[in-house]
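Okay, thanks for coming, everyone. I'll take a few minutes to walk through one model, and we'll go looking for its empty spaces.

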Amino acid sequence: MPARTPLDANAILAATEEILRRHGPDKATVVDVARVLGVSHAAVYKHFPSKQALREAVTRRWLDRNRDALAVIAADRAVPPAQRLRAWLHAVLAGKQAKIREDPELFAAYGILAAAHSSVATDHVADLLGQLAAIIADGAADGSFRAEDAEATARVVFHATAKFNHLAHAAEWQNPGIGTELDEVCSLLLEGLRTPTSP
C-alpha cells in the first residue's frame with residue numbers, strides 16, 4: 001500500500017485506533033500501524049517517540065470525543081444548576097456506557113493507562129472535575145447550592161458518584177436500573193447541596 005501523503009499525526013492516530021479495535025491493546029504494535037499506513041515503523045516513531053506515547057495520544061483523542069458534549073451541559077446557564085448537575089452526571093454515565101459498549105478495545109487501552117497512572121487518565125479526571133466545579137460554582141453564585149469551595153465540593157460529588165464514573169465499576173454500567181440508581185444518588189446529593197431557601 002502506498003504511503004499517505006503527507007503522513008501526519010492524525011493519520012497515525014486513526015490507523016492506531018483501527019489496529020487497537022482489530023487486535024486489542026495487548027497485541028497491537030507500532031509495526032501493525034505502520035503496515036496499515038504503508039510506511040516503516042521508523043516513520044511512525046518520528047511523530048510518536050514510543051508505543052506508550054502513541055497509545056496515550058490515541059486514547060486522549062478518543063476520550064476527548066464526548067468532552068465537548070459534557071462541556072456544553074456544564075456551561076448551559078439557561079438550565080438551573082441543580083438540573084444541570086443531574087443532567088451532567090447522567091451524561092457522564094451514558095458516555096461511559098457507550099464507550100465500553102461500542103469501543104471495548106479502546107476502553108481496555110484506557111484501562112491500562114489508568115492502571116499505570118498515566119497523565120491521560122489524570123487529565124481526563126481533572127477535566128471532568130473542572131466541568132463539575134463550574135456547575136457547582138454557578139449554584140453557589142445564584143444561591144441554590146451551599147458550597148464555599150466549588151472545587152472541593154466537586155471532588156466530593158465525583159467521589160460520591162464513583163460507581164457511575166470509575167473504571168473499577170465498569171462491569172456494572174450495563175446493569176438494568178443503573179440510571180435509576182444514579183438518579184437516587186443525585187437526589188440525595190442535591191438535597192445536601194441545596195440551601196435552606198432554594199426550591
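**Pockets, cavities and the core**

So let's begin with the make-up of the largest pocket: its lining has eight nonpolar residues, six polar ones and one charged. Keep in mind that this is a predicted model. Confidence across the chain averages a pLDDT of 91, with 96% of the residues at 70 or more. By element, mean pLDDT is lowest in α7, at 89, and highest in α9, at 97.

Back to that pocket. The volume comes out at about 270 Å³. Fifteen residues line it, so to speak, and those closest to the centre are Tyr-110, Val-125, Phe-158, His-166 and Leu-167. Which helices supply at least two lining residues each? That would be α7 (104–115), α8 (119–141) and α9 (150–160). The largest share, five residues, is from α8.

Now the closed spaces. How many cavities of 30 Å³ or more does a search of the whole structure find? Three. The largest has a volume of about 100 Å³, and its lining includes Thr-16, Ile-19, Val-30, Lys-51 and Arg-55. Helices α1 (9–23), α2 (30–37) and α4 (51–64) each put in at least two residues. By class, that lining splits into seven nonpolar, two polar and two charged.

The second largest cavity is about 80 Å³. Two or more of its lining residues come from each of α4, α6 (81–102), α7 and α8, and α6 gives the most, with four. Tyr-110 is part of this lining, and we already met Tyr-110 among the residues closest to the centre of the largest pocket.

A quick stop at Tyr-45, in helix α3 (residues 41–47). Is Tyr-45 buried or partly exposed? It counts as partly exposed, because its relative accessibility is 33%. Beyond its neighbours within four places in sequence, Tyr-45 contacts Val-30, Ser-50 and Lys-51. Val-30 and Lys-51 are both in the lining of the largest cavity. Between Tyr-45 and Val-30 there are 8.4 Å, C-alpha to C-alpha, and they sit 15 residues apart in sequence.

Last, the core. Nonpolar side chains tend to be buried together in soluble globular proteins. Here, the largest nonpolar core has 56 residues, and Leu-37, Val-44, Leu-85 and Trp-88 touch the most other members. Helix α8 gives the most to this core, with eight residues. Setting aside residues up to four places away in sequence, Trp-88 touches several residues, including Leu-70 and Leu-128, and those two also line the second largest cavity.

Notes
Residues numbered from 1 in each chain as written. Heavy atoms only, no water. 1 Å grid on protein atoms, 1.4 Å probe; cavity = no way out; pocket = protein on both sides within 12 Å on 5 of 7 lines; lining within 4 Å. Points joined across faces, edges and corners; volume = space filled by probe spheres on them. Nonpolar A, V, L, I, M, F, W, Y, C, P; charged D, E, K, R; others polar. pLDDT = per-residue confidence, 0-100. Buried < 20%, exposed > 50% of the residue type's maximum accessible area, 1.4 Å probe, protein only. Contact = heavy atoms within 4.5 Å. Core = buried A, V, L, I, M, F, W, Y, C linked by side-chain atoms within 4.5 Å.
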